[in-house]
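Work through the exercises below with the sequence and the structure at hand. Each task is followed by a solution in steps.

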Amino acid sequence: LIIPFADRIGRRRLFLVSVLGISVSTCVTAFTQSPAQFIACQIVVRMFLVTGSAVAIVIVTEEFPAEHRGWGIGMVGALAACGNGFGAILFAFIDRLPFGWRSLYAIGLAPLLLLPRFRRGVHETGRFEAHRRRRLSQGDTATGVTGWLRPLVDLARTHPLRAGGIALVGGLASMGTISVFQFIGYFTLTVHGWAPWEFSAMVFFGGAVGIIGNVVAGRLGDRVGRRYVGLAFLGSFPLFAWTFYRGPGWSLPLAWVMIVFCATAGTVVIRALSTELFPTSHRGTSAGWLSLVDTLGCAAGLALVGWGTRAPGDLARMTSLMAISVLAGALFLLLLPETNRRELEEISAEAD
């Protein structure tokens, strides 16, 4: 509900507000005294995290040249994954850190300290500035609820089939990936008896290789096309998920690498299409639309895993089964227009 403001007040302003919100709410989480307080703080964290991530993708999409947009979006994903790796390192020392788990959240203060640098380094996109001038020249000065609703209405009115396609691809992919990723730690620690440091080592070192999928998918998407690259990687995801949960113990690290590789590669393609397929006037809203269906897909995936898990062995069966939905989502990519090496204005012109 916040992301559409990126199409009214600007990408830069909303991005900086999101960084501030992420930092403060993460740090406050370290001082919570009850489960309810913890949940409330984390809701705020997730809200700003989703908003900031979506707006960052919009900024890259609008600022990078057509032949390198996929690579730019892939690099954003790869750098974000490095943060996950850093978190995995901290988790390995959770029993030794001062104040235990609270230290993991207190470190959220770091982005706040860097905010002055972000303000100097992050500029408004040229495409949004041009759109704002055009909008004002036409007498569009709507603010408040009317201004907030307009990008939502434009998204539904101008490109309903594209929005529906993104919903199917993103929602189905999220259903499968969340089901597989959510229980990685639980599965290795309880079923295979790993120690926390062993799990952290797998996440860090295996993930460091797997996140290359971001850059590979971005580069390949720029050269041969988003749709077929996404189909190849997302279509392979169920195979490696099955290997992780149903294969021998020695295969876990190798399967993990490929799970991360395929998931990150597919995410790059979906994120790219969710912004490239829509005009500047509601490109931020389209990124928010993907975030919404992603959240709904995650909720549905976890609900189905919970519904189908009655005995200890059911978890491996259900996660492997849910991974097939990623392949289903990948097939819907073929129904969307190809966007690689095309200027945004050529892909989706503004409505008169």
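**Exercise 1. A nonpolar patch**

Task: Find which residues make the nonpolar surface patch of about 470 Å², and state which helix gives the most to it.

Solution. The model is a predicted one. Step 1: the patch consists of Leu20, Val24, Val28, Leu109, Leu112 and Leu113. Step 2: two helices, α1 (11-29) and α5 (110-121), each supply at least two residues of the patch. Step 3: with three residues, α1 gives the most. Step 4: take Leu113 as one of the members; Leu113 lies in helix α5. Its relative accessible area is 64%, so Leu113 counts as exposed, the cut-off being over 50%.

**Exercise 2. Aromatic pairs**

Task: Classify the ring pair Phe38 and Tyr105, then the pair Phe233 and Phe261, as stacked, tilted or edge-to-face.

Solution. Step 1: a search of the whole structure gives 10 aromatic pairs. Step 2: for Phe38 and Tyr105, the ring centres are 5.7 Å apart and the planes stand at 90°, so this pair is edge-to-face. Step 3: Phe38 belongs to helix α2 (residues 35-63) and Tyr105 to helix α4 (residues 102-106), so the pair links distant parts of the chain, 67 residues apart. Step 4: both residues are partly exposed, Phe38 with a relative accessible area of 27% and Tyr105 with 21%. Step 5: for Phe233 and Phe261, the centres are 5.5 Å apart and the planes are at 55°, so this pair is tilted. Step 6: Phe233 lies in helix α12 (residues 226-246) and Phe261 in helix α13 (residues 252-276), so parts that are 28 residues apart in sequence are tied together. Phe233 and Phe261 are buried. Step 7: Phe38 and Tyr105 also form one aromatic cluster with Trp101.

**Exercise 3. The span of a helix**

Task: Compare the reach of helix α8 with the expected span, and decide whether α8 is mostly covered or uncovered.

Solution. Step 1: helix α8 covers residues 160-181, which is 22 residues. Step 2: from the first C-alpha to the last, α8 reaches 31 Å, close to the 32 Å expected at 1.5 Å a residue. Step 3: 16 of the 22 residues of α8 are buried, and the helix is mostly covered.

**Exercise 4. Salt bridges**

Task: Describe the salt bridges of Glu345 with Arg127 and of Arg227 with Glu338, and say which parts of the chain each one ties together.

Solution. Step 1: the structure holds 13 salt bridges. Step 2: the side chains of Glu345 and Arg127 meet at 2.7 Å, N to O. Glu345 is in helix α17 (residues 344-347) and Arg127 in helix α6 (residues 126-137), so the pair ties together parts 218 residues apart in sequence. Step 3: Glu345 is partly exposed at 43% relative accessible area, whereas Arg127, at 18%, counts as buried. Step 4: Arg227 and Glu338 meet at 3.6 Å, N to O. Arg227 lies in helix α12 and Glu338 in the loop between α16 (324-332) and α17, so parts 111 residues apart in sequence are tied together. Arg227 and Glu338 are buried.

**Exercise 5. A further bridge and a network**

Task: State how exposed Arg342 and Glu346 are, and which residues are linked in a network of salt bridges.

Solution. Step 1: Arg342 forms a salt bridge with Glu346, with the closest N and O atoms 3.5 Å apart. Step 2: Arg342 counts as partly exposed at 24% relative accessibility, while Glu346 is exposed at 52%. Step 3: the network links Asp7, Arg11, Glu62 and Arg283.

Conventions: Residues are numbered from 1 along each chain as its sequence is written. This is a predicted model: local features need pLDDT of at least 70, side-chain atom pairs count only at pLDDT 80 or more; totals for chains, interfaces and linings use all residues. Side-chain values use heavy atoms; hydrogens and water are left out. Rings of Phe, Tyr and Trp (its six-membered ring) pair if their centres lie within 6.5 Å; planes under 30 degrees apart count as stacked, over 60 as edge-to-face and the rest as tilted. Helices (H or I, at least four residues) and strands (E, at least two) are DSSP runs, numbered from the N terminus. Buried means under 20% relative accessible area, exposed over 50%, partly exposed in between (1.4 Å probe, protein chains only). Patches are made of residues with over 30% relative accessible area and no salt bridge: like charges are joined within 9 Å, nonpolar side chains (Val, Leu, Ile, Met, Phe, Trp, Tyr) within 5 Å. Accessible areas come from the Shrake-Rupley method with a 1.4 Å probe; for residues, only the protein chains shown count as cover. A salt bridge is a side-chain nitrogen of Lys or Arg within 4 Å of a carboxyl oxygen of Asp or Glu. The expected span of a helix is 1.5 Å times one less than its number of residues.
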